[in-house]
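Reader: I'd like to go through this one with you, a piece at a time. Please put it up and we can start.

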Amino acid sequence: MIKIENLHASIDGQPILKGINLEVKPGEVHAIMGPNGSGKSTLASVLAGREEYEITEGSVTFEGKDLLDLGAEDRAREGIFLAFQYPVEIPGVSNINFLKTAINEIRKYRGEEPIPAKDFLKLVKEKSALVELDNSLASRSVNEGFSGGEKKRNEIFQMAMLEPKLSILDETDSGLDIDALRIVANGVNKLKSADNASIVITHYQRLLDYIVPDFVHVLYNGKIIKSGPKELALELEEKGYDWLKKDQVIEA
Ligand SMILES: Nc1ncnc2c1ncn2[C@@H]1O[C@H](COP(=O)(O)OP(=O)(O)OP(=O)(O)O)[C@@H](O)[C@H]1O
């Protein structure tokens with residue numbers, strides 16, 4: 001699905017990612033944890049194709065294609081979805097129209113006809129139920145005036161509608177109350193299949209009680225310094241990151 005090799009990225013000449021190696025296969029969920037400022041959101045942004053980052057070294061292959069060669073729109077059309085840490089508001093554009101346009105863009109890219117209105121409405125009904133999204137939110141402008149939790153839930157609704165191959169969730173759990181956390185996590189779990197994969201960025205083990213990852217990686221200072229099974233998240237919760245930093249110094 002996606003293979004990241006020796007990825008280095010900078011912003012304004014400042015190196016942020018310093019040699020990331022990560023392979024995610026279909027059907028897998030990978031969690032990325034790490035201290036503030038370690039580069040987690042940068043990795044998500046670089047994969048989604050945000051242009052302010054300069055890739056200085058390395059490669060990313062997605063479904064056999066050179067991802068770094070594609071613009072952000074084409075990456076989305078190829079099936080990469082980024083749920084933002086801070087979802088943006090788009091005043092004047094209804095959620096429904098936004099999603100219809102996005103779905104039809106993907107269909108056009110695949111050489112398919114636009115989605116029939118009846119099928120689209122059925123999809124909206126089905127997927128909004130999945131994340132228990134209030135119907136009134138679906139018809140409002142994208143995220144405008146939504147509470148923090150509603151924005152996050154709306155991100156998962158968008159993800160459900162677009163059915164991406166690779167979903168990258170950047171701190172989707174931050175700002176969610178316990179019920180919303182469970183709903184969002186259930187949505188992610190129900191969307192999981194043998195053909196898609198997720199990268200879940202989080203600070204808290206509690207999300208991983210609901211979304212059980214196949215692998216946990218620790219990102220520190222722009223590098224993955226440790227990978228392990230889901231139990232690693234529990235260990236991090238208990239011990240913090242200091243013990244790993246020490247390891248890194250010894251290795252260096
Ligand atoms: N646009 C930018 N300009 C300058 N520095 C940046 C920019 N974006 C990110 N950085 C720096 O890159 C580093 C990594 O940031 P990033 O947001 O990727 O970390 P993070 O691991 O997601 O942190 P957090 O857990 O706090 O969300 C930080 O030191 C940050 O200040």
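Reader: Where does Pro114 lie?

Author: Pro114 is in the loop between α3 (95-109) and α4 (117-130); helices (H or I, at least four residues) and strands (E, at least two) are DSSP runs, numbered from the N terminus. This is a predicted model, in which local features need pLDDT of at least 70 and side-chain atom pairs count only at pLDDT 80 or more, while totals for chains, interfaces and linings use all residues. Residues are numbered from 1 along each chain as its sequence is written.

Reader: What does Pro114 touch, leaving out residues up to four places away in sequence?

Author: Pro114 touches Asn104 and Arg107, where contact means that the C-beta atoms, placed from the backbone, lie within 7 Å. Pro114 counts as partly exposed because it has 14 C-beta neighbours inside 10 Å; 20 or more other C-beta atoms within 10 Å would make a residue buried, 12 or fewer exposed, and anything in between partly exposed. The C-alpha atoms of Pro114 and Glu238 are separated by 50 Å, with the two positions 124 residues apart along the chain.

Reader: Switching to the strands, what order does the open sheet of six strands have?

Author: The order is β6-β9-β10-β3-β11-β12, and the pairing is mixed, two strands being paired if DSSP finds at least two bridges between them. β6 (80-83) and β12 (223-228) stand at the edges with a single partner strand each, so one side of each has no neighbour in the sheet. Neighbouring strands of this sheet are turned by 20 degrees against each other on average, direction ignored; the axes behind such angles are lines fitted to C-alpha atoms, for helices over the stretch in contact, and angles run from 0 to 180 degrees between N-to-C directions.

Reader: How many bridges join β6 to β9?

Author: Four bridges join β6 to β9, and the two strands run parallel, with Leu82 standing opposite Ile168 in β9. Ile80 and Leu82 point one way from β6 and Phe81 and Ala83 the other way, and all are buried.

Reader: And which residue in β10 is the bridge partner of His30?

Author: The partner of His30 is Ile199. Strand β3 (residues 29-33) and strand β10 (residues 197-201) are parallel and joined by four bridges. His30 and Ile199 turn up again among the contacts of Val24 in strand β2, which, leaving aside neighbours within four places in sequence, also include Met1, Ile2, Leu166 and Ala197.

Reader: Is Val24 buried or exposed?

Author: Val24 is buried, because 20 other C-beta atoms lie within 10 Å. Its C-alpha atom is 9.9 Å from that of Asn196, although the two are 172 residues apart in sequence.

Reader: What order do the strands of the four-strand open sheet have?

Author: That sheet has the order β2-β1-β4-β5 with antiparallel pairing, and its edge strands, β2 and β5, each pair on one side only. Strand β1 (residues 2-11) and β4 are joined over seven bridges in the antiparallel sense, and Ser10 has Glu54 as its bridge partner in β4.

Reader: Which strands does helix α1 lie across?

Author: Helix α1 (residues 40-48) lies across β3, β6, β9 (166-170), β10 and β11 (215-220), running at about 145 degrees to β9. It also lies across β1, β2 and β4, at about 70 degrees to β2.

Reader: Which residues come nearest to the ligand?

Author: Of the 13 residues around the ligand, Asn36, Gly37, Lys40, Ser41 and Thr42 come nearest, a residue being near if its C-beta atom, placed from the backbone, lies within 6 Å. α1 supplies the largest share of this shell, three residues, and both β2 (14-24) and α1 give at least two.

Reader: Where is Glu63, which has a positive phi?

Author: Glu63 lies in the loop between β4 (54-62) and β5 (65-66), with phi near 50 degrees although it is not glycine. Glu63 is partly exposed, as 13 other C-beta atoms are within 10 Å. Glu163 likewise has a positive phi, about 45 degrees, and is found in the loop between α6 (148-162) and β9.

Reader: Last one: what covers the buried residues of α7?

Author: The cover includes α4, α6, β10 and α8 (205-210). The buried residues themselves are Leu181, Ile183, Val184, Ala185, Gly187 and Val188.

Conventions. Contact = placed C-beta atoms within 7 Å.
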